Amino acid sequence: MSTDTAAVRHIGKSKRISGANVPDNIHNNQVIDQCKSQLNSAAIADTLDSLGYHNQVVHPGISALDPALILCGFARVGLYMPIYHDDEDTRVYEHEIALVDSLLPGEVIVLVCHGNQRISPWGELLSERSTFLGAAGCLTDGCVRDSVQIQELGFPVYASGKNPADTKFRGKMMMSDVPGEIGRVPVSRGDLIFGDPDGIVIIPASVVGQVVEKALDKVSAENTVRDEIRSGEALVDIFERHQIL
């Protein structure tokens, strides 16, 4: 068994962290690198479909700040609610700061704003801190600000838009490391987030290893099909042979 295959088959196992069952894959940067270099969202989505997971593609509307950057890593989830004031008891940033400071290498912070585009829960300074910690990116159905600085930093951010408005007076993270839903797809800590110019898919933590291994096989088969198309063979014959299109 190759080292890469062994790494893929290892993911999905769990250990206890701070009283919660958390997949070991949060540390598996080798698998993240393999996904970023060899996979794409379409191959992953098709693979999930083949295994019976038909609701793993994030609804269109969330896109990359920089389309050249692939988003790939293991989810850490924060849930926001709207607010309409600020005072000394609100402590609007407390949970957000704690979640960012706790990020591990290879993790993607997923900020669930329930489609609230009044707020930008992500900006330059959070990107700077996350980059230092080795985090893999940010996914949010809210907006993002400081977009030029974030692009210069090269930190992958996928958001529903740009908005200079802060969360203060408008929204607060209330919980973290709990299940949520983003773009009509459930998401929990340890799920694998993958985003590219075509869209974003979320692989449940329990099947990450199986999905990645099967998706790699699919990509290899697609390469064969591409070569046969370029050699001039008819699609009907190629499809009958490989059942791939």
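Here, a residue counts as buried under 20% relative accessible area, as exposed over 50%, and as partly exposed in between. Phe169, at 44% relative accessibility, therefore lands in the partly exposed group. Keep that scale in mind for what follows, and keep in mind too that this is a predicted model. Overall, the protein has 8 helices and 12 strands, and 48% of its 245 residues count as buried.

**The big picture**
- About 11,700 Å² of the protein is exposed, and carbon and sulfur atoms supply 51% of that area.
- Take the contacts in the protein with a separation of 6 or more: 72% of them come from residues 24 or more positions apart.

**The nonpolar cores**
- In soluble globular proteins, nonpolar side chains tend to be buried together.
- The largest nonpolar core here has 21 residues, and those with the most contacts inside it are Cys35, Leu39, Ile44, Leu192, Ile203 and Val212.
- Two or more residues each come from helix 2 (29-38), helix 3 (41-50), strand 4 (71-82), strand 11 (192-196), strand 12 (199-203) and helix 7.
- Helix 7 is the top contributor to this core, giving 6 residues.
- What does Ile44 touch, once you leave aside its neighbours within four places in sequence? Its contacts are Leu39, Phe194, Val201, Ile203, Val211 and Ala215.
- There's also a second, separate core of 20 residues, and its members include Cys113, Ala135, Cys138 and Met173.

**Strands 11 and 12**
- Strand 11 hooks up to strand 12 by a hairpin that runs through 2 residues.
- The two strands pair in the antiparallel sense over 5 bridges, with Gly195 standing opposite Ile200 in strand 12.
- Why call strand 12 largely enclosed by the rest of the structure? Because 5 of its 5 residues are buried.
- Looking at its two faces, Gly199, Val201 and Ile203 sit on one side of strand 12, with Ile200 and Ile202 on the other, and all of these are buried.

**Strands 4 and 5**
- Strand 5 (residues 107-112) is mostly covered, with 6 of its 6 residues buried.
- Glu107, Ile109 and Leu111 point one way from strand 5, while Val108, Val110 and Val112 point the other way. Note that Glu107 is buried along with the rest of that set.
- Strand 5 pairs with strand 4 in the parallel sense over 6 bridges, and Phe74 stands opposite Glu107.

**Two loop residues with positive phi**
- Most residues other than glycine have a negative phi.
- Phe169 has a positive phi, near 75°, and isn't a glycine. You'll find Phe169 in the loop between strand 7 (157-159) and strand 8 (171-176).
- Asp177 isn't a glycine either, yet its phi is positive at about 55°. The loop between strand 8 and strand 9 (180-182) is where Asp177 lies.
- Is Asp177 buried or partly exposed? Its relative accessible area is 30%, so Asp177 is partly exposed.

**A nonpolar patch on the surface**
- Ile229, Leu235, Phe239 and Leu245 form a nonpolar patch on the surface, and together they have about 430 Å² of accessible area.
- Ile229 belongs to helix 7 (residues 208-230).
- With a relative accessible area of 41%, Ile229 counts as partly exposed.
- So helix 7 turns up twice in this briefing: it gives the most to the 21-residue core, and it also holds Ile229 of the surface patch.

Conventions: Residues are numbered from 1 along each chain as its sequence is written. This is a predicted model: local features need pLDDT of at least 70, side-chain atom pairs count only at pLDDT 80 or more; totals for chains, interfaces and linings use all residues. Side-chain values use heavy atoms; hydrogens and water are left out. Patches are made of residues with over 30% relative accessible area and no salt bridge: like charges are joined within 9 Å, nonpolar side chains (Val, Leu, Ile, Met, Phe, Trp, Tyr) within 5 Å. Accessible areas come from the Shrake-Rupley method with a 1.4 Å probe; for residues, only the protein chains shown count as cover. A salt bridge is a side-chain nitrogen of Lys or Arg within 4 Å of a carboxyl oxygen of Asp or Glu. Helices (H or I, at least four residues) and strands (E, at least two) are DSSP runs, numbered from the N terminus. Buried means under 20% relative accessible area, exposed over 50%, partly exposed in between (1.4 Å probe, protein chains only). Contact means heavy atoms within 4.5 Å. A nonpolar core is a set of buried Ala, Val, Leu, Ile, Met, Phe, Trp, Tyr and Cys residues joined through side-chain atoms within 4.5 Å. Two strands pair if DSSP finds at least two bridges between them.
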